[in-house]
Amino acid sequence: MAEYLASIFGTEKDKVNCSFYFKIGACRHGDRCSRLHNKPTFSQTIVLLNLYRNPQNTAQTADGSHCHVSDVEVQEHYDNFFEEVFTELQEKYGEIEEMNVCDNLGDHLVGNVYVKFRREEDAERAVAELNNRWFNGQAVHAELSPVTDFRESCCRQYEMGWEKRGQEDGRDGI
């Protein structure tokens with residue numbers, strides 16, 4: 001029995017643990033999820049929640065309507081953000097193997113930045129220190145993430161163009 005439970009841990013067949021959280025470090029159901037979100041006590045990967053603000057999603061005029069931001073401006077904004085965050089994290093906390101920035105509108109992923117350090121100790125220190133920091137006028141919220149393979153940690157709905165803000169149609173979307 002233990003062997004079977006170990007083989008299904010974190011998969012769709014696991015009725016206790018949330019496969020979404022295990023795979024992408026976030027769950028669109030949040031606190032309302034009927035399954036457990038097992039937060040790791042050690043990991044090479046951290047997530048910086050809602051850190052990146054895509055100017056296409058946030059640019060507004062004084063009257064509250066959205067203004068157009070060109071693709072060139074968006075790319076420049078992203079490149080500057082990525083370089084600033086990557087450089088500072090690597091200089092302060094240790095070698096980074098990989099960094100990914102979420103660019104979708106799902107509330108559970110929007111603006112999340114995933115950073116995989118070479119060493120677990122570096123990730124742990126980064127989380128402890130980053131939670132006392134501010135970035136672009138907002139408090140930084142960092143936590144260890146269960147994500148180990150970024151190729152597997154993407155939202156299938158986003159990749160296929162299905163994701164809609166506030167979607168609540170079951171658990172088969174990743």
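**A helix, a sheet and Ser 145**

User: Which strands does helix H4 lie across, and at about what angle does it run to E2?

Analyst: Happy to help! This is a predicted model, where local features need pLDDT of at least 70, side-chain atom pairs count only at pLDDT 80 or more, and totals for chains, interfaces and linings use all residues. Residues are numbered from 1 along each chain as its sequence is written, and side-chain values use heavy atoms, with hydrogens and water left out. Helix H4 (residues 71–93) lies across E1, E2 and strand E3 (113–117), and its angle to E2 is about 145°.

User: Which strands stand at the edges of the open sheet?

Analyst: The sheet has four strands in the order E2-E3-E1-E6, with antiparallel pairing; two strands pair if DSSP finds at least two bridges between them. Each edge strand has a single partner strand, so one side of it is left without a neighbour in the sheet; these are E2 (96–101) and E6.

User: Which residue in E6 is the bridge partner of Ile 46?

Analyst: Strand E1 (residues 45–48) and E6 pair in the antiparallel sense over three bridges. The bridge partner of Ile 46 in E6 is Leu 144.

User: Is Ser 145 buried or exposed?

Analyst: Ser 145 sits in the loop between strand E6 (142–144) and helix H6 (156–159). Buried means under 20% relative accessible area, exposed over 50%, and partly exposed in between (1.4 Å probe, protein chains only). Because its relative accessibility is 1%, Ser 145 counts as buried.

Definitions and conventions: Helices (H or I, at least four residues) and strands (E, at least two) are DSSP runs, numbered from the N terminus. Contact means heavy atoms within 4.5 Å. Axes are lines fitted to C-alpha atoms, for helices over the stretch in contact, and angles run from 0 to 180 degrees between N-to-C directions.
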